[in-house]
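Trainee: Got a minute to walk me through this one? I'd like to start with the chains and then get down to single residues.

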2 protein chains.
Amino acid sequence: MEFSSKLLERAVNEMSQLPGIGKRTALRLVLHLLRQPESQTNQLSDALKAMRSEINLCKSCHNISDTAVCEICSNPYRTEEIICVVEDIRDVMAIENTSSFRGLYHVLGGKISPMDGIGPNDLNIETLVEKVKSGKVKELIFALGSTMEGDTTNFYIYRQIQDYNVVTSTIARGISVGNELEYTDEVTLGRSIINRIPFEASLKS
Amino acid sequence: MEFSSKLLERAVNEMSQLPGIGKRTALRLVLHLLRQPESQTNQLSDALKAMRSEINLCKSCHNISDTAVCEICSNPYRTEEIICVVEDIRDVMAIENTSSFRGLYHVLGGKISPMDGIGPNDLNIETLVEKVKSGKVKELIFALGSTMEGDTTNFYIYRQIQDYNVVTSTIARGISVGNELEYTDEVTLGRSIINRIPFEASLKS
């Protein structure tokens with residue numbers, strides 16, 4: 001792509017560093033900004049800079065937070081006996097949206113993935129093990145995505161904490177609510193039969 | 001969407017102002033920036049700000065340029081007798097990539113679109129008419145997209161300049177090079193038969 005302006009080229013190049021944004025999309029976005037009032041570009045730039053330099057991770061659960069301890073961890077109405085282990089902050093937001101969980105979270109910051117060069121030491125696993133060792137935690141819920149990396153990470157953490165007195169569970173995998181059987185993939189359907197639940201229990205949820 | 005951080009929320013909101021970027025995509029992009037070194041966010045912010053505040057439009061053709069008159073308009077090897085009328089700078093880049101055109105451009109900055117509240121006075125039409133009036137221009141090539149707005153804009157400009165001694169043409173519409181007839185839409189195929197060209201002419205291009 002040949003640009004008639006170095007300023008434009010630089011903006012497009014920086015924009016296209018973002019995941020899923022190619023040069024053409026970046027150009028479209030940048031030209032949009034050019035058509036809008038200058039204030040919009042300044043607000044976007046300032047918001048990104050402020051976020052990157054001032055944002056803070058909760059020192060307990062590693063969730064993104066503006067305070068040293070996040071709102072969830074400091075909420076006295078939530079129990080610290082159940083910890084839901086998730087990959088990143090988006091998972092926290094997704095689970096919070098369901099209003100189905102009143103425990104705390106622990107954000108790993110990723111999944112173990114040798115292919116991407118991510119090992120256990122790159123994740124917030126040690127602090128999780130410390131929490132379990134402290135004895136306050138009664139149950140860990142593994143809520144990672146149902147992928148090989150997710151399963152590997154679950155198993156790695158399980159091995160670290162299996163000698164402590166803590167119940168471990170993973171979120172249920174099965175057919176989606178509202179889905180027809182015929183559109184469900186075989187592996188999910190097979191597992192959903194193996195891991196069937198008592199009918200009375202299904203009435204309660 | 002509930003955010004655990006105001007800084008994050010502000011960044012996501014600003015990002016989702018961009019066209020085609022929803023809240024979820026914005027969150028994904030912003031979290032990506034958080035995982036990258038702070039320098040990347042700063043470079044992106046600075047590039048956008050610099051572009052928005054310092055960028056300049058060529059005073060002759062309204063193309064984006066770092067100089068008062070753009071490289072194309074100031075190139076002595078290009079003829080100012082043929083002007084290609086385009087909607088925006090992306091069209092200039094697309095045509096320049098073909099290396100098929102040695103004249104100059106005129107960037108309208110949009111198309112007449114009453115639905116979007118864009119009238120002739122919002123576009124760079126007056127300066128184009130002035131160029132034609134000056135007598136230096138021998139041919140105008142309309143190279144707007146083949147839409148109702150494009151056709152309306154072509155016709156509006158045509159009415160403004162029809163009394164002057166200038167040839168007008170539009171870029172050819174027809175089947176794409178390499179395409180099979182059966183996959184071409186009916187309107188395009190019909191027009192391509194009506195606007196057929198002498199076979200000898202097709203051999204030259």
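**The interface and some residues**

Mentor: Sure. About 5300 Å² is buried between chain A and chain B, and carbon and sulfur atoms give 67% of that area. Buried area here is the accessible area (1.4 Å probe) that two parts lose on being put together, summed over both.

Trainee: What kind of model is this, and how are things numbered and filtered?

Mentor: This is a predicted model, where local features need pLDDT of at least 70 and side-chain atom pairs count only at pLDDT 80 or more, while totals for chains, interfaces and linings use all residues. Residues are numbered from 1 along each chain as its sequence is written, chains are lettered from A and ligands numbered from 1 in the order in which they are written, and side-chain values use heavy atoms, with hydrogens and water left out.

Trainee: What ipTM and pTM does the predictor give the complex?

Mentor: An ipTM of 0.79 and a pTM of 0.76. For chain A, the average pLDDT (the predictor's confidence in each residue, from 0 to 100) is 89, and 100% of the residues score at least 70.

Trainee: Where in chain A is confidence lowest, and where highest?

Mentor: Lowest in helix H8 (residues 199-204), with a mean of 74, and highest in E4(A), at 95. Helices (H or I, at least four residues) and strands (E, at least two) are DSSP runs, numbered from the N terminus.

Trainee: Back to the interface. How many residues of chain A are in contact with chain B?

Mentor: 52 residues of chain A, in contact with 52 of chain B. Contact means heavy atoms within 4.5 Å.

Trainee: And how many residue pairs are in polar contact between chain A and chain B?

Mentor: 15, with both residues at pLDDT 80 or more. On the chain A side, helices H1 (6-15), H2 (23-35), H3 (38-54) and H4 (89-98) and strand E2 (64-65) each give two or more residues. H3(A) has the largest share of that side, 16 residues. By class, the side of chain A that touches chain B has 25 nonpolar, 13 polar and 14 charged residues.

Trainee: How do you sort those classes?

Mentor: Ala, Val, Leu, Ile, Met, Phe, Trp, Tyr, Cys and Pro count as nonpolar, Asp, Glu, Lys and Arg as charged, and the others, Gly among them, as polar. As for a polar contact, that's a pair of N or O atoms within 3.5 Å; within protein, one must be able to donate a hydrogen and the other to accept it, and residues adjacent in sequence count only if both atoms are side-chain atoms.

Trainee: How many salt bridges between chain A and chain B?

Mentor: Two. In one of the bridges across the chains, Asp46(B) pairs with Lys49(A), with the closest N and O atoms 2.7 Å apart. A salt bridge is a side-chain nitrogen of Lys or Arg within 4 Å of a carboxyl oxygen of Asp or Glu.

Trainee: And how many over all chains?

Mentor: 14. One of them joins Arg78(A) and Glu96(A), at 2.9 Å from N to O. Arg78(A) sits in the loop between E2 and E3 of chain A and Glu96(A) in helix H4, so the pair ties together parts that are 18 residues apart in sequence.

Trainee: Is Arg78(A) buried or exposed?

Mentor: Buried, because its relative accessibility is 9%. Glu96(A) counts as partly exposed, at 27%. The cut-offs: buried is under 20% relative accessible area, exposed over 50%, partly exposed in between (1.4 Å probe, protein chains only).

Trainee: New topic: where is His106(A) found?

Mentor: In strand E4 (residues 104-107) of chain A. His106(A) counts as buried because its relative accessibility is 0%. Its side chain makes a polar contact with that of Lys131(A), at 2.9 Å. Leaving aside neighbours within four places in sequence, His106(A) is in contact with residues including Cys84(A), His62(A) and Asn124(A).

Trainee: What about Cys84(A), which strand is that in?

Mentor: Strand E3 (residues 82-86) of chain A. Cys84(A) is buried too, at 3% relative accessibility. Its C-alpha atom is 5.9 Å from that of Leu140(A), although the two are 56 residues apart along the chain.

Trainee: Last one, in chain B: which side chains make polar contacts with Lys111(B)?

Mentor: Glu87(B), at 3.4 Å, and Thr147(B), at 3.4 Å. Lys111(B) is in the loop between strand E4 (104-107) and helix H5 (126-133) of chain B, and counts as buried with a relative accessible area of 16%.
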